[in-house]
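Hello,

Here is the structure I promised to pass on. Please open it first, then read my notes below.

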Amino acid sequence: MRYGAMLLMVLMLMVGGCASASKHREAVRDDSGDKLTVGTVQKEIHVGMSSADVVGVLGSPNMVTTDSKRREAWVYDKVATERVYSKSSGGVGVLGLVFGGIGGAAGGGSTSSSAGASSTTQRTLTIIIKFDENNLVRDFVYRQSSF
């Protein structure tokens with residue numbers, strides 16, 4: 001039974017070294033900074049808000065256009081691409097194990113394994129804010145996608 005426990009421990013060491021791409025992604029992802037999100041738009045932007053207040057919440061727009069009445073429309077267009085590759089390998093060398101009933105020592109032996117995974121995710125967020133003649137928000141729309 002002693003050898004069975006040792007074999008189980010060796011197998012646990014081999015499997016324990018593997019980690020998935022999602023585990024590695026969590027380790028390197030930085031979600032601490034301020035981000036432009038749908039939640040921010042839903043919570044902070046409202047009709048009647050001044051253009052200065054919009055800049056305070058969302059920052060400067062990517063593009064500014066005007067309509068035939070000289071009213072501004074601001075466009076925020078954000079794209080984020082995240083690529084993660086993970087490769088794990090493990091190996092265990094076994095020397096001099098004595099197996100019951102054989103009466104001798106096993107020669108040197110080793111085993112190794114390797115696994116890899118990759119993941120790519122792209123997210124887009126487009127926000128369009130339309131202002132009236134007094135530079136107050138008259139309407140806003142947004143679209144988000146993830147693939």
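**Helix H4 and what surrounds it**

Start with the exposed side of helix H4: Ala52 and Gly56 are exposed there. Bear in mind throughout that this is a predicted model.

Now turn to the other side. H4 covers residues 51-58, and its buried residues are Ser51, Val54 and Leu58. Why do they lie on the same side of H4? Because they cover an arc of only 50° around the axis. Just after H4 comes glycine 59. Its phi is positive, near 85°.

**The core**

Two of those buried H4 residues turn up again in the largest nonpolar core. This core has 13 residues. Which of them touch the most other members? They are Ile45, Val54, Leu58, Tyr76 and Ile129. Helix H3 (38-44), H4, E2 and E3 each supply at least two residues of the core. E3 gives the largest share, four residues. As a general point, nonpolar side chains in soluble globular proteins tend to be buried together.

Tyrosine 76 deserves a look of its own. Leave aside its neighbours within four places in sequence. Tyrosine 76 then contacts Val54 and Leu58 of the core, and also Ile129. Gly59, the residue that follows H4, is in contact with tyrosine 76 too. So are Ser60, Pro61 and Asn62. Other contacts of tyrosine 76 include Leu36, Leu125, Thr126 and Ile127.

**Leucine 125**

Follow that contact to leucine 125, which lies in strand E3. Is leucine 125 buried or exposed? It counts as buried, because its relative accessibility is 7%, and buried means under 20%.

Again leave aside neighbours within four places in sequence. Leucine 125 is then in contact with Tyr76, Asp77 and Lys78. It also contacts Leu36, Thr37 and Val38, as well as Arg143 and Gln144. Serine 146 is 21 residues away from leucine 125 in sequence. In space, the two are 9.0 Å apart, C-alpha to C-alpha.

**The largest pocket**

Leucine 125 is also one of the residues that line the largest pocket. How big is the volume of this pocket? It is about 270 Å³. The rest of the lining is Lys35, Leu36, Thr37, Val38, Lys78, Val79, Ala80, Arg123, Thr124 and Gln144. Two elements give two or more residues to the lining: strand E2 (72-94) and strand E3 (109-131). By type, the lining divides into five nonpolar, three polar and three charged residues.

Best wishes

How values were computed:
Residues numbered from 1 in each chain as written. Predicted model: local features only at pLDDT ≥ 70, side-chain atom pairs only at ≥ 80, totals over all residues. Heavy atoms only, no water. 1 Å grid on protein atoms, 1.4 Å probe; cavity = no way out; pocket = protein on both sides within 12 Å on 5 of 7 lines; lining within 4 Å. Points joined across faces, edges and corners; volume = space filled by probe spheres on them. Nonpolar A, V, L, I, M, F, W, Y, C, P; charged D, E, K, R; others polar. Buried < 20%, exposed > 50% of the residue type's maximum accessible area, 1.4 Å probe, protein only. Arc of directions from axis to C-beta. Core = buried A, V, L, I, M, F, W, Y, C linked by side-chain atoms within 4.5 Å. Contact = heavy atoms within 4.5 Å.
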